[in-house]
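Here is a friendly note to read alongside the picture. Take the points one at a time, and find each residue on screen as you go.

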Amino acid sequence: SWARNVYKRQKLHRAIEMLPQAEKELISDLYFNGYSMRTIAEKQGVSHMTIQRQVQKILAKLKNFIKS
């Protein structure tokens, strides 16, 4: 339902706000600012795989927060 979707979105935003700054920036760059993992990796001077692993870890954190 619409109300449930609004609730989930609010919970997601709260979860993102609780992340450490570097993780919050990574998620924002990837999902809200339209940067690719490759672009983020180049900007940070790390490999694409490093970014991919970081994103997987962050998404797992967010998923656990939203489930609780």
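**Notes on helix packing and charged pairs**

1. Let's start with a lysine that may surprise you: Lys24 is buried, because its relative accessible area is 17%, and the cut-off for buried is under 20%. Please keep in mind throughout that this is a predicted model.

2. Which partner does the side chain of Lys24 meet in a salt bridge? The partner is Glu17, with 3.7 Å from N to O. Unlike buried Lys24, Glu17 counts as exposed, at 54% relative accessibility.

3. How many salt bridges does the structure hold? There are 3, so let's visit the other pairs next.

4. Look now at Glu23, which has its place in helix H2 (residues 21-32). Is Glu23 buried or exposed? With a relative accessibility of 15%, Glu23 counts as buried. Leaving aside residues up to four places away in sequence, Glu23 touches Ile58 and Lys61.

5. One of those neighbours is also a salt-bridge partner: the closest N and O atoms of Lys61 and Glu23 are 2.8 Å apart. Because Lys61 lies in helix H4 and Glu23 in helix H2, the pair ties together parts that are 38 residues apart in sequence. Lys61 itself counts as partly exposed, at 38% relative accessibility.

6. Next comes the pair of Asp29 and Lys43, a salt bridge whose closest N and O atoms are 2.9 Å apart. Asp29 belongs to helix H2 and Lys43 to helix H3, so this pair ties together parts 14 residues apart in sequence. Asp29 is buried, at 12% relative accessible area, whereas Lys43 counts as exposed, at 56%.

7. Now take H2 as a whole. Which of its residues are buried? They are Glu23, Lys24, Leu26, Ile27, Asp29 and Leu30. These buried residues of H2 pack against H1, helix H3 (37-44) and H4. Just after H2, look for Gly34, which takes a positive phi of about 80°.

8. Turn to helix H1 (residues 2-18) and helix H4 (residues 48-67), whose axes come within 9 Å and cross at roughly 130°. Why are they called oblique? An angle of roughly 130° falls outside the ranges for roughly parallel, roughly perpendicular and roughly antiparallel, and the rest count as oblique. The crossing of H1 and H4 is right-handed. On the H1 side, the contact is made by Lys11, Leu12, Arg14, Ala15, Ile16 and Met18, and on the H4 side by Leu62, Phe65 and Ile66. By class, this contact has 7 nonpolar, no polar and 2 charged residues.

9. Finally, compare H3 and H4, which pack at an angle of about 110° with their axes 8 Å apart. H3 and H4 are therefore roughly perpendicular to each other, and H3 passes H4 in a right-handed crossing. Met37, Arg38, Ile40, Ala41 and Gln44 in H3 meet His48, Ile51, Gln52, Gln54 and Val55 in H4. How many residues of each class does this contact have? The contact of H3 with H4 has 5 nonpolar, 4 polar and 1 charged residues.

Methods:
Residues are numbered from 1 along each chain as its sequence is written. This is a predicted model: local features need pLDDT of at least 70, side-chain atom pairs count only at pLDDT 80 or more; totals for chains, interfaces and linings use all residues. Side-chain values use heavy atoms; hydrogens and water are left out. Axes are lines fitted to C-alpha atoms, for helices over the stretch in contact, and angles run from 0 to 180 degrees between N-to-C directions. Helices (H or I, at least four residues) and strands (E, at least two) are DSSP runs, numbered from the N terminus. A crossing is left-handed if the near helix is turned anticlockwise from the far one by less than a right angle, and right-handed if clockwise. Contact means heavy atoms within 4.5 Å. Ala, Val, Leu, Ile, Met, Phe, Trp, Tyr, Cys and Pro count as nonpolar, Asp, Glu, Lys and Arg as charged, and the others, Gly among them, as polar. Buried means under 20% relative accessible area, exposed over 50%, partly exposed in between (1.4 Å probe, protein chains only). A salt bridge is a side-chain nitrogen of Lys or Arg within 4 Å of a carboxyl oxygen of Asp or Glu. Angles under 35 degrees count as roughly parallel, over 145 as roughly antiparallel, 65 to 115 as roughly perpendicular and the rest as oblique.
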